[in-house]
Amino acid sequence: MKNLLYILVLSTVALASCDLESSDNGDLDGYWLLERVDTLATGGTLQCRGDQRFWSFQSHLMQLTQGGTGADAMSFRFQRQGDELTLDNPCVFNRQKGDTPITDVEVVQPYGVNALTEKWSFRRLTSDHMELESDMLHLYFRKY
């Protein structure tokens with residue numbers, strides 16, 4: 001009985017000392033396929049489902065990948081405040097060589113990002129669909 005009491009006390013202390021980081025991003029967390037890009041100024045539409053361009057969100061990082069391989073991945077820090085999403089601090093993600101800051105916006109433009117720091121408004125966010133709008137573009141995503 002005495003051993004059981006020690007085990008219970010040690011288990012309680014061990015669990016209380018754990019500090020798990022959790023995300024409060026709700027439906028935003030996950031892997032999103034960019035399906036369509038609408039240009040607001042011209043009304044043009046680009047279907048890009050077949051290009052396999054993904055945005056993925058976890059904690060305070062957003063990663064851009066093509067084809068789901070993780071090769072040539074890029075990451076942004078992001079902040080979500082209400083219906084606003086801000087992306088900043090873009091880097092090329094490389095575990096072996098370290099992350100390299102992105103200084104040329106052309107690298108991220110195929111993913112619908114037109115500035116190294118950009119603000120988006122959520123037009124729709126559910127567990128399986130997301131729509132984002134900036135000053136220039138309206139992006140349509142499907143959760144993958």
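**Strands, a buried core and its aromatic rings**

L87 stands opposite E118 in β8, and that pairing is a handy way into this predicted model. L87 belongs to the pairing of β6 with β8, two strands that run antiparallel and are joined by four bridges. On β5, it is F78 that faces L87 in β6. Strand β5 covers residues 74-81 and strand β6 residues 84-92, and the two pair in the antiparallel sense over seven bridges. Two residues sit between β5 and β6 in the resulting hairpin, and G82 in the turn takes a positive phi of about 65°. Strand β6 also pairs with β7, again in the antiparallel sense, this time over two bridges; here C91 stands opposite P101 in β7.

Stepping back to the whole chain, there is one helix and there are ten strands. The helix comes at the N-terminal end of the order, and the strands follow it: α-β-β-β-β-β-β-β-β-β-β. Of the 144 residues, 31% count as buried. The chain exposes about 9200 Å², with carbon and sulfur atoms supplying 50% of that area. As for contacts between residues at least 6 apart in sequence, 48% of them join residues at least 24 apart.

Back in strand β5, F76 is worth a look. With a relative accessible area of 0%, F76 is buried. Leaving out residues up to four places away in sequence, F76 touches a list of residues that includes H60, L61, M62 and L64, then L87, D88, N89 and P90, and also V108, V113, A115 and L116. F76 and T86 are ten residues apart along the chain, and their C-alpha atoms are separated by 9.5 Å.

One of the F76 contacts, V108, lies in a loop, the one between β7 (100-101) and β8 (118-125). Loop or not, V108 is buried, and its relative accessible area is 0%. With residues up to four places away in sequence set aside, V108 touches L64, M74, F76, I102 and V113. S75 is 33 residues from V108 in sequence, yet the C-alpha to C-alpha distance is 9.9 Å.

Then there are the rings. The count comes to seven aromatic pairs. Y31 and F54 make a stacked one, at 4.5 Å centre to centre and with 10° between the planes. This pair links distant parts of the chain, with Y31 in strand β1 (residues 30-39) and F54 in strand β3 (residues 53-58), 23 residues apart. The two partners differ in cover: Y31 counts as partly exposed at 27% relative accessibility, whereas F54 counts as buried at 1%. W55 and W120 form an edge-to-face pair instead, 5.9 Å centre to centre with 75° between the planes. W55 lies in strand β3 and W120 in strand β8, so this pair ties together parts that are 65 residues apart in sequence. W55 is buried, at a relative accessible area of 0%, and W120 also counts as buried, at 1%. Both tryptophans belong to one aromatic cluster, together with F57, F78 and F141.

Charged side chains meet rings too. R53 lies over the face of Y111, 5.7 Å from the ring centre. Likewise, R80 places its charged end over the ring of F122, at 4.9 Å from the centre.

How values were computed:
Residues are numbered from 1 along each chain as its sequence is written. This is a predicted model: local features need pLDDT of at least 70, side-chain atom pairs count only at pLDDT 80 or more; totals for chains, interfaces and linings use all residues. Side-chain values use heavy atoms; hydrogens and water are left out. Buried means under 20% relative accessible area, exposed over 50%, partly exposed in between (1.4 Å probe, protein chains only). Contact means heavy atoms within 4.5 Å. Accessible areas come from the Shrake-Rupley method with a 1.4 Å probe; for residues, only the protein chains shown count as cover. Two strands pair if DSSP finds at least two bridges between them. Rings of Phe, Tyr and Trp (its six-membered ring) pair if their centres lie within 6.5 Å; planes under 30 degrees apart count as stacked, over 60 as edge-to-face and the rest as tilted. A charge sits over a ring if NZ of Lys or CZ of Arg is within 6 Å of the ring centre and within 35 degrees of the ring normal.
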